[in-house]
Protein chains: 2
Amino acid sequence: MGQRLVVIGGDAAGMSAASQARRRYDDLEIVALEKGHWTSYSACGIPYLVGGEVDGPDRLIARTPQQFRDKHRIDVRLEHEVMAIDLDSRQVEVRDHGHDRTFNLGFDQLMIGTGGRPIRPPLPGIDLGFVHGVQTLGDGEQLLAAAESGQCNHVVVVGGGYIGLEMAEAFVRWGADVTIVEQAPHVMSTLDADMAELVEVAIHRYDIDLKTNTMVTGFEPGRVLLENGSLDADLVVLGIGVQPNSELAAAAGLTTGVRDAISVDRRQRASAEGVYAAGDCCESFHLVTGAPTYVALGTVANRQGRVAGINIGGGYATFPGVVGTAVTKLCATEVGRTGLSEREAAAAGFAFESTVIEGKTRAHYFPGTKPIVVKLVVETRTGRILGGQIVGEEGAAKRIDVLAAAVTARMTAEEFVNLDLSYAPPFSPVWDPVAIAARQAIR
Amino acid sequence: MGQRLVVIGGDAAGMSAASQARRRYDDLEIVALEKGHWTSYSACGIPYLVGGEVDGPDRLIARTPQQFRDKHRIDVRLEHEVMAIDLDSRQVEVRDHGHDRTFNLGFDQLMIGTGGRPIRPPLPGIDLGFVHGVQTLGDGEQLLAAAESGQCNHVVVVGGGYIGLEMAEAFVRWGADVTIVEQAPHVMSTLDADMAELVEVAIHRYDIDLKTNTMVTGFEPGRVLLENGSLDADLVVLGIGVQPNSELAAAAGLTTGVRDAISVDRRQRASAEGVYAAGDCCESFHLVTGAPTYVALGTVANRQGRVAGINIGGGYATFPGVVGTAVTKLCATEVGRTGLSEREAAAAGFAFESTVIEGKTRAHYFPGTKPIVVKLVVETRTGRILGGQIVGEEGAAKRIDVLAAAVTARMTAEEFVNLDLSYAPPFSPVWDPVAIAARQAIR
C-alpha cells in the first residue's frame with residue numbers, strides 16, 4: 001500500500017495536483033475533499049453563464065467527481081469540509097455535511113487548494129439576499145435565475161475590476177440598467193489611469209453608468225447606500241476582489257505572507273514537511289519585482305497545482321512565478337495587461353519611461369481592422385520591457401501574451417522591435433502594434 | 001552640405017532605411033530611385049485586392065513619393081532604374097524611363113533595397129499573357145481586371161505556398177474553379193507533412209482542386225501542361241517562390257550568399273564600405289540554426305531597413321536575425337509557423353521530438369470556440385523549443401507570435417508551460433493550446 005495524499009479543495013489547484021500526482025505515483029491513495037457541490041468548474045465562465053452565452057452551469061464543469069474516480073482513481077468526496085489540520089498527528093478533521101458526521105482522516109502528504117472567496121466588506125446590509133458574490137456555480141445559478149426572472153431592471157456592480165466589468169456586461173445583455181460603483185478614481189486598478197480612461201470611455205459607450213471616487217456605505221432592501229446619495233438596485237454584484245481561504249492553514253501553524261496567503265517555495269511546498277499549497281489560497285512570486293505577490297487566477301492555480309502534483313508524485317518541478325498577465329473584455333472592448341504598471345514599477349523602485357501608441361489590429365486596408373492602444377513601461381537606461389497594457393477591440397487583447405513572454409525573457413524594447421512576429425494583412429499591420437509601441441519606446 | 005545617400009528601390013526596405021536615416025541625419029541628401037510606379041505599397045495585400053476585399057490598389061499604398069518628399073525630404077524618383085553600381089567611382093548609372101535618358105549619380109552611402117521577384121521557371125509558354133506573377137501593384141491590377149472580366153472560370157495556381165493559397169482564395173471568392181498544382185508531395189513546404197495535410201483537408205473543403213506530386217511542364221494558350229495530362233486555364237498564377245534581385249549588386253562585386261542574396265553583417269552592411277542592403281534582396285541570419293538564410297517577407301524588410309537606416313544616419317543598431325515566422329490564411333483556415341520544422345531541425349543537426357495537440361481557441365463552452373492544432377518541435381534532452389506550427393480557425397494563427405518569442409528567447413517547454421499567458425473564456429481555454437502543446441511535449 002502506498003502513501004495517502006489528502007487534497008483539500010476540489011477545484012483547479014487541488015485537482016490539477018491530484019491528477020499529476022496520480023500520473024507519477026501509481027500506488028498513491030488520493031482522497032480529495034470538496035466542501036461544495038462541484039469539482040473543477042470554470043469560475044471564470046460564470047459571467048458568461050449569467051449573461052446567457054453559456055447553456056447552463058453543467059457546461060462549466062470540466063470534470064465530474066465520477067470522471068476523476070474512473071479516469072484517475074481519485075476518491076473525490078463532495079460536501080466534505082475540512083475543519084482542522086493537525087500537522088503533528090498528520091490528520092485532518094472532516095465534516096461530511098451530506099451525512100451530518102465528522103471524522104478524522106490521516107495523510108502522508110497534504111495538498112491545500114482551498115481557493116479564495118470574494119471580499120465582503122462588513123457594511124450594513126451586506127448579508128441581504130440581493131447582494132451577491134461571484135464564486136461558485138451556485139452563485140452563477142442564482143444570478144442567472146435573477147436575470148431570467150425579469151425582475152433585475154436596476155443592477156449595481158460594486159467594483160470596476162475584471163469581475164465587475166464582466167458582470168456588468170452580463171446584465172447589459174439582459175437589458176438591465178447597470179451602474180458600476182468604484183471607490184478609486186478609475187476602474188481597472190491594474191491599469192494605469194490613462195489606459196483605464198479608455199475603458200471608461202467604453203463603459204459609457206455601452207450605456208453603463210459609472211460612478212468613480214464613490215464609496216458604498218451599506219445596503220437596504222432595494223437600495224445601495226453611497227457616501228452621498230443612494231442607488232435603486234434590484235440586485236447587487238460584489239466585484240471588489242478575492243481573499244485567500246488560508247485560515248485553516250494558518251490555524252494549523254503554516255506560514256502565511258502577502259494578503260495572508262499561504263507561503264510556498266518554488267516547488268509549492270508550504271512550511272511543513274509533505275504539505276503543499278497552490279492556487280488562490282497561496283502566494284505567488286512576481287518575476288519582475290522579485291517579491292511575493294497574490295494573484296487569484298485560474299491559470300496560475302492550474303500551473304501551480306501541476307507543479308505541486310509533480311512534486312507530490314515524486315517528480316521535480318518548480319513554479320518560476322508570474323508576471324501579472326490578465327485579460328478581459330467588456331462587450332466589444334478588450335483589455336489585456338502584463339508585467340508592471342507605472343504605479344507598480346515605481347513601487348518596485350524602477351526608473352522607467354512609458355510609451356502609448358494607437359494602432360490597428362489588421363492592415364489598415366483590411367476589412368474588420370479594429371483600433372488598439374498599446375502602452376509599454378520600459379526601464380530607463382536598460383530599455384528592458386517591464387510591462388504592457390492593451391485596450392482595443394477584436395483581436396487586440398490576446399497580443400498581451402507576446403509581451404508576457406518578452407517580460408518573462410527580460411527582453412529590451414530594441415530586442416522586441418526585431419522580434420520575428422508574424423504578419424499577413426488579415427492578422428496585423430506589417431509592424432504589429434506591440435512592435436510599434438516598442439519602436440516608439442526606443443526613440 | 002551633407003553626404004548624399006542613394007537608395008535603390010522605393011519599397012519597404014529602401015524607404016524604411018531612408019526614413020530612419022533622415023530622422024538621425026538632418027543634413028543628409030537622400031535620393032531614392034524606384035524603377036516601378038509606386039513606393040511603399042503592401043505587396044502582401046495584393047491577394048486581397050484581387051479577391052475584392054480591398055477597395056482598389058491605392059488603398060495598398062502606405063506612403064506616396066509626395067509624402068516622402070513633404071514629410072521626410074526624400075527625393076523619390078519613380079521609373080528610375082539603376083543599371084549599374086560603380087563602387088570605385090561611387091556612382092550609379094540611372095535609366096530615367098519616363099524621360100528616356102541615362103545619367104550618373106554619385107553617392108557617399110548606398111542603400112540597396114532592390115527586393116525580389118517571383119520565380120519564373122524557363123518553361124515553354126511561361127511568357128504567355130495569361131501566366132501571371134504576383135509582385136507589383138500592376139500585377140494586382142491586371143489580376144483584378146481579369147477576375148472582374150468574368151472570363152476567369154478556370155484558374156490554375158502553380159505552387160501551394162503562402163502566395164499560392166492566398167491567390168487561390170482570391171479566385172474562389174470570384175466563384176472560379178481553382179486548381180492548385182504542387183510539385184512536392186504536400187503544399188506549404190515550410191510545414192511538416194502532418195500539418196500540411198490539415199491544410200490540404202481545408203483546401204478540399206473549400207472546393208479547391210489540388211494536384212500534389214505534379215510537375216508543370218509548360219503552358220499553351222488556355223492550357224497548363226502537366227507531366228501527364230493538362231488543365232484548362234483562363235488564367236495562371238505563379239506562386240513558386242521569390243528570388244532576390246541581387247544581380248546589380250553582384251555585378252558591382254558585392255558578396256552574395258544563400259540563394260545568391262546579398263551578404264550583410266549584423267548592421268546590414270554589404271561587403272563594401274558605406275553600402276547597405278536590406279529586404280528581399282539580401283540574406284538573413286537564422287537565430288535557431290545559426291546559419292544564413294533567405295526570407296522574402298515585408299516584416300523582415302521593414303526591420304532590416306530600419307536597422308540599415310539607423311546605421312546610415314550615424315546611429316548604431318543591429319538586426320539579430322529571424323526565426324522564420326510566417327502566417328497566412330485560406331478562407332477560414334489559419335496557418336502559422338515559427339522556428340524549425342522537423343525537416344529543418346534535422347538538417348541543422350538537432351535531435352528532437354515532436355508533439356501535436358488538438359485544442360480550442362476559446363473555453364470549450366464559449367460561443368465561437370474554434371479548432372486549433374499545435375505542433376511543437378522540441379530539442380531532445382534540453383527541452384528547448386525549436387519550432388512551432390499551428391493550423392486552425394479564427395484566432396488560431398496569431399498565437400504563433402508567443403512561440404516566436406519563446407524560440408527567440410531559447411525557452412524550454414517547461415519554461416513555456418509556466419509562462420504567464422492570459423486567460424479569459426472568450427480568449428482561450430484555461431490552458432492555452434500552445435501551453436497544452438508544451439505540457440504534452442514534457443511528458
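**Helix packing and chain contact in a predicted two-chain model**

Good morning. I begin where the two chains meet, at helix α10, residues 400–408, which is present in chain A and in chain B; the two axes come within 8 Å and cross at roughly 10°. The model is a predicted one. With angles under 35 degrees counted as roughly parallel, α10(A) and α10(B) are therefore roughly parallel to each other. Their crossing is right-handed. From α10(A), the residues that make this contact are A:D401, A:V402, A:A405 and A:A406, and from α10(B) they are B:D401, B:V402, B:A405 and B:A406. By class, that gives six nonpolar residues, no polar ones and two charged ones. As a general point, residues three or four places apart in an α-helix point the same way, because there are 3.6 residues a turn.

Let me widen the view to the whole contact between the chains. Chain B contributes 50 residues and chain A contributes 49. On the chain B side, α8 (298–312), β21 (326–330), β22 (333–339) and α10 each supply at least two residues. Which element of chain B gives the most to the side that touches chain A? That is α10(B), with seven residues. By class, the chain B side has 31 nonpolar, twelve polar and seven charged residues.

I turn next to packing within each chain, starting with chain A. Helix α1 (residues 12–24) and helix α8 (residues 298–312) of chain A have axes that come within 7 Å and cross at roughly 30°. These two helices, α1(A) and α8(A), are therefore roughly parallel to each other, and their crossing is right-handed. On the α1(A) side, the contact residues include A:A13, A:A17 and A:R24, and on the α8(A) side they include A:A301, A:G305 and A:I312. The contact divides into nine nonpolar, nine polar and two charged residues.

In chain B, the axes of α1 (residues 12–24) and α8(B) come within 7 Å and cross at roughly 30°. Here too the angle is under 35 degrees, and α1(B) and α8(B) are therefore roughly parallel to each other. The crossing of α1(B) past α8(B) is right-handed. Among the residues in contact are B:G14, B:A18 and B:A21 of α1(B), with B:N302, B:A308 and B:I310 of α8(B). By class there are nine nonpolar, nine polar and two charged residues.

Two further helices deserve attention, one from each chain. Helix α6 of chain A, residues 193–205, has 13 residues and reaches 18 Å from its first C-alpha to its last, close to the 18 Å expected at 1.5 Å a residue. Its buried residues are A:M195, A:A196, A:L198, A:V199, A:E200, A:A202 and A:I203. They pack against strands of chain A, namely β11 (177–181), β12 (209–211), β21 (326–330), β22 (333–339), β24 (371–379) and β25 (385–392). After α6(A) comes A:D207, with a positive phi near 60°.

In chain B, helix α4 covers residues 137–148; its twelve residues should span 16 Å at 1.5 Å a residue, and its end C-alpha atoms are 16 Å apart, which agrees. The buried residues of α4(B) are B:L137, B:G140, B:L143, B:L144, B:A146 and B:A147. Their cover includes α2 (46–50), β9 (131–132), α5 (162–173) and β16 (235–238) of chain B. B:G150 follows α4(B), and its phi is positive, near 75°.

A word on backbone angles. Most residues other than glycine have a negative phi. B:S40, which is not glycine, has a positive phi near 40°. B:S40 lies in the loop between β2 (29–34) and α2 of chain B. Is B:S40 buried or exposed? It is buried, because 25 other C-beta atoms lie within 10 Å and 20 or more suffice. B:M188 likewise has a positive phi, of about 55°, although it is not a glycine. Its place is the loop between β11 (177–181) and α6 (193–205) of chain B, and B:M188 counts as buried, with 29 C-beta neighbours inside 10 Å.

I close with B:K71, in helix α3 (residues 65–72) of chain B. B:K71 is exposed, since it has 11 other C-beta atoms within 10 Å and 12 or fewer count as exposed. Its C-alpha atom is separated by 48 Å from that of B:L210, 139 residues away along the chain. Thank you.

Note on methods. Residues numbered from 1 in each chain as written. Chains lettered and ligands numbered in written order. Predicted model: local features only at pLDDT ≥ 70, side-chain atom pairs only at ≥ 80, totals over all residues. Axes fitted to C-alpha atoms, helices over the stretch in contact; angles between N-to-C directions. Helix = DSSP H or I, 4+ residues; strand = E, 2+ residues; numbered from the N terminus. Parallel < 35°, antiparallel > 145°, perpendicular 65-115°, else oblique. Left-handed = near helix turned anticlockwise from the far one by under 90°. Contact = placed C-beta atoms within 7 Å. Nonpolar A, V, L, I, M, F, W, Y, C, P; charged D, E, K, R; others polar. Expected span 1.5 Å × (residues − 1).
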